[in-house]
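This briefing covers a single protein chain, from the overall fold down to individual residues. The points are grouped by topic.

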Amino acid sequence: MKNLANKTAAVTGAASGIGRMLAVNLADEGCNLAIADIDEAGLKETASLIGTRVNVSTHIVDVSKREEVVLFAEEASRYHGGVDIIINNAGVALGDFLETVPIEDFEWLMGINFWGVVHGTMAFLPHLRKRPEGHIVNISSINGIIPNPNNGPYCAAKFAVKGYTETL
């Protein structure tokens, strides 16, 4: 996709960091946005940085919950008349060794960093197939290529994202 003007991108994890800057940069290219995060205040701040240059819809979404992501995809598509790009960016970090991390913390991280990508991909895929140039962007990390023993759960999730995306 060479021209982003008048396209619509859905971006998860858009309340801060990479997601926020992706949204701002896409808006600079004339791309309409459906931005999502669990941080409502941060999401509003991102929307205010974008202003009225493009159409922006905000969505409070926990990407670890499939039903919330499915609703996000439906609402974004309805509001914008379709979605051309999904950027599965939402992510969290957890520094711990695989042998010492509490299993609940590991499940929490995998729910966001891996299952959030799967939920986003599957929820938006039917909408993207209706567009002439649908695109899926799944954010991983160098830790999805090179492991770090102090960051076991994060590395495991990012390796999973890489494998899922390459298989897709």
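**Overall fold**

The protein has 6 helices and 5 strands, in a model that is predicted. Read from the N terminus, the order of elements is β-α-β-α-β-α-β-α-α-β-α. The radius of gyration is 16 Å, close to the 15 Å that the globule rule gives for 168 residues, so the protein is as compact as a globular protein of that length.

**Dimensions, burial and contacts**

- Along the principal axes, the C-alpha atoms occupy a box of roughly 50 × 35 × 30 Å.
- Buried residues make up 49% of the 168 in the protein.
- Among contacts with a separation of 6 or more, 60% join residues 24 or more positions apart.

**Surface and charge**

- The exposed surface of the protein comes to about 8600 Å², and 56% of it is supplied by carbon and sulfur atoms.
- The protein carries 13 positive and 19 negative charges, and the mean positions of the two sets lie 11 Å apart.

**Helix α6**

- Helix α6 covers residues 152-167, which is 16 residues.
- At 1.5 Å a residue, helix α6 should span 22 Å, and its end C-alpha atoms are 22 Å apart, which agrees.
- The buried residues in α6 are Gly152, Pro153, Tyr154, Cys155, Ala157, Lys158, Val161 and Tyr164.
- In an α-helix there are 3.6 residues a turn, so residues three or four places apart point the same way.
- The cover over the buried residues of α6 includes two helices, α4 (103-113) and α5 (115-128), and the strand β5 (135-138).

**Ser77 in helix α3**

- Ser77 is part of helix α3, which runs over residues 66-80.
- The relative accessible area of Ser77 is 15%, so this residue counts as buried, the cut-off being under 20%.
- With neighbours within four places in sequence left aside, Ser77 is in contact with Gly82, Val83 and His127.

**Asn6 and its backbone angle**

- Asn6 sits in the segment before β1 (8-12).
- The phi of Asn6 is positive, about 65°, although Asn6 is not a glycine.
- Most residues other than glycine have a negative phi.
- Asn6 has a relative accessibility of 67% and therefore counts as exposed, the cut-off being over 50%.

Note on methods:
Residues numbered from 1 in each chain as written. Predicted model: local features only at pLDDT ≥ 70, side-chain atom pairs only at ≥ 80, totals over all residues. Heavy atoms only, no water. Helix = DSSP H or I, 4+ residues; strand = E, 2+ residues; numbered from the N terminus. Buried < 20%, exposed > 50% of the residue type's maximum accessible area, 1.4 Å probe, protein only. Contact = heavy atoms within 4.5 Å. Expected span 1.5 Å × (residues − 1). Rg over C-alpha atoms; globule rule 2.2 N^0.38 Å. Areas by Shrake-Rupley, 256 points an atom, 1.4 Å probe, with all protein chains shown as cover. Lys, Arg positive; Asp, Glu negative; His and termini not counted. Charge placed at Lys NZ, Arg CZ, Asp CG, Glu CD.
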